[in-house]
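Here's a set of exercises to work through with the model open in your viewer. Try each task before you read its solution.

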Amino acid sequence: MTNPPITQIDSEKRSKDTSSSPPSKRLLSIDALRGFDMLLIAGAGSFLVQLKGKTGISAVDWVAGQFYHPAWNGFSFYDFIFPLFLFIAGVSLTFSLNKGRSLGMTKATLYKKTFSRMIILILLGILFKNSPVPFFEPSQIRLGSVLGRIGIATFVATIIYLNFDFYKRIGVAAIILLLYYAALFLIPVPGYGAGDLSIEGNLVGWFDRTFLPGILKQEIYDELGLLTQIPALCLTVFGTLAGEILSRAWLDSKKIKYLTIAGITGVILGLIWDLHFPINKHLWSSSFIMLTSGLGFLSLLLFYVIIDVWKIRKWAFFFQVIGLNSLTIYFAFSFIDFRFTSKKLFSGLYAPLAEEWHSVYQAFGALMLVWVFLYILYRLKIFVKV
């Protein structure tokens, strides 16, 4: 591969390159992809699941079947939703850090900002996963959370981004995934030995049971626990690679080329690795990280080409409204019962229709209420960020 995206050798040269590049503009495709991802979390997935077995269309049933997690090994589209968000976090992080450096912020300042953000996200994650929080029973508090994972991954990715160039970041991620791979196969688990990837005998579960305080989501392990944080942060590191490709002053054709190569390479490596280290979201296996990273590059490529290259943008507004307030809807969907409100508002309209479809209409109504809620915030220019 020629013409590497980044050729900085040291921090001084890196700073010089950044300052000589044109300022990065916000890309609508990133907000739209984030909104698409959040929509699946905040109602669209539930709506599609409700359609299963009702339309008589096999394609619809297949799509609905993709919104269930495999019991252990395997992969469904539902497994991709959170990894995609971690990947997008890395893409956005690149633009944020580049902007900070263009404003003269030092590394120490950027570290401090992302560290503070990490702490806030960890605390918000604990609140989200445990509300009402049993403050006087700490043993009943679950510490693992989606927001906490995003915060930790973003902080570590910041350190890596500010100290390593493009290809060195690939090397760092590769070393992390290989070491994780080796650890799960070579470190013996008491009572099970080394290389046991079963639900009961794997190293991840033993580590969580031994070192993670509080309750575990799956009782014998927590998929958002301690060890799985290590491979998961590689998704955000890979996201910074995609962000850097998009932020460079290149022709669109060159950006498309690198995103395509990265995406196809990630998917192929993930499938090959699956032959020995199964694709498994519960373990956040190295093969799972490579597969979802590859899909992340390809998803970003699709949105980028359609929205920012071909300029077909009207349809993206629906997702942009959600993407600009992703944290808001993540919390709102937990604390506001949109399905209950949908039933109260719309059940009179669909009451005469076949009862088996009532849950579909209720889910669709809830989805629309979510979007209207976010649209109101958009019109009021209220965007909640950490």
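Helices (H or I, at least four residues) and strands (E, at least two) are DSSP runs, numbered from the N terminus. This is a predicted model, where local features need pLDDT of at least 70, side-chain atom pairs count only at pLDDT 80 or more, and totals for chains, interfaces and linings use all residues. Residues are numbered from 1 along each chain as its sequence is written, and side-chain values use heavy atoms, with hydrogens and water left out.

**Exercise 1: backbone oddities**

Find the loop that holds W284, then check its phi and its burial.

Solution. Start with the place: W284 sits in the loop between α10 and α11. Next, the backbone: its phi is near 50 degrees, a positive value in a residue other than glycine. Most residues other than glycine have a negative phi, and most peptide bonds are trans. Last, accessibility: W284 has a relative accessible area of 0%, so it counts as buried (under 20% relative accessible area; exposed is over 50%, partly exposed in between, with a 1.4 Å probe and protein chains only).

Now do E219: is it buried or exposed?

Solution. E219 belongs to the loop between α8 (203-211) and α9. Its phi is positive too, about 70 degrees, and it is not a glycine. With a relative accessible area of 69%, E219 is exposed.

Two more for the list: K311, just after α11, has a positive phi of about 65 degrees. The peptide bond from S131 to P132 is cis, with omega near -10 degrees, and P132 is in the loop between α5 (107-130) and α6 (146-163).

**Exercise 2: helix α11**

Compare the expected span of α11 with the distance between its end C-alpha atoms.

Solution. The expected span of a helix is 1.5 Å times one less than its number of residues. For the 24 residues of α11 that gives 34 Å, and the end C-alpha atoms are 32 Å apart, which agrees. Then look at burial: 20 of the 24 residues are buried, so α11 is largely enclosed by the rest of the structure.

Now zoom in on T292, which is part of α11. What does it touch?

Solution. T292 is at 0% relative accessibility, so it counts as buried. Contact means heavy atoms within 4.5 Å. Skipping neighbours within four places in sequence, T292 has contacts with F75, F80, P83 and L235. As for A249, it is 43 residues from T292 in sequence and 27 Å away in space, C-alpha to C-alpha.

**Exercise 3: the core and F238**

How many residues does the largest nonpolar core have?

Solution. A nonpolar core is a set of buried Ala, Val, Leu, Ile, Met, Phe, Trp, Tyr and Cys residues joined through side-chain atoms within 4.5 Å. The largest one has 97 residues, and F238, L259, W284, L300 and I329 have the most contacts inside it. Take F238: leaving out neighbours within four places in sequence, it contacts F87, A173, L177, I289, M290, S293 and F297.

**Exercise 4: the second largest pocket**

Which helices line the second largest pocket, and what classes of residue are found there?

Solution. A pocket is found on a 1 Å grid over the protein atoms alone, as an open set with protein on both sides within 12 Å along at least five of seven lines; lining residues have an atom within 4 Å of a point. Grid points are joined across faces, edges and corners, and a volume is the space filled by probe spheres set on the points. Here the volume is about 380 Å³. The lining has 22 residues, and I170, F238, L241, A262 and T265 lie nearest the centre. Two or more lining residues come from each of α7 (166-186), α9 (229-247), α10 (252-273) and α11 (286-309). By class there are 18 nonpolar, four polar and no charged residues, where Ala, Val, Leu, Ile, Met, Phe, Trp, Tyr, Cys and Pro count as nonpolar, Asp, Glu, Lys and Arg as charged, and the others, Gly among them, as polar.

**Exercise 5: F338**

Where is F338, and which residues is it in contact with?

Solution. F338 is in helix α14 (residues 338-350). Its relative accessible area is 6%, so F338 is buried. Its contacts beyond four places in sequence are I329, A332, F333, A366, L369, V370 and F373. With A366, the C-alpha to C-alpha distance is 5.0 Å, across 28 residues of sequence.

Note on methods: On a 1 Å grid over the protein atoms alone, a cavity is a set of points where a 1.4 Å probe fits but cannot get out, and a pocket is an open set with protein on both sides within 12 Å along at least five of seven lines; lining residues have an atom within 4 Å of a point.
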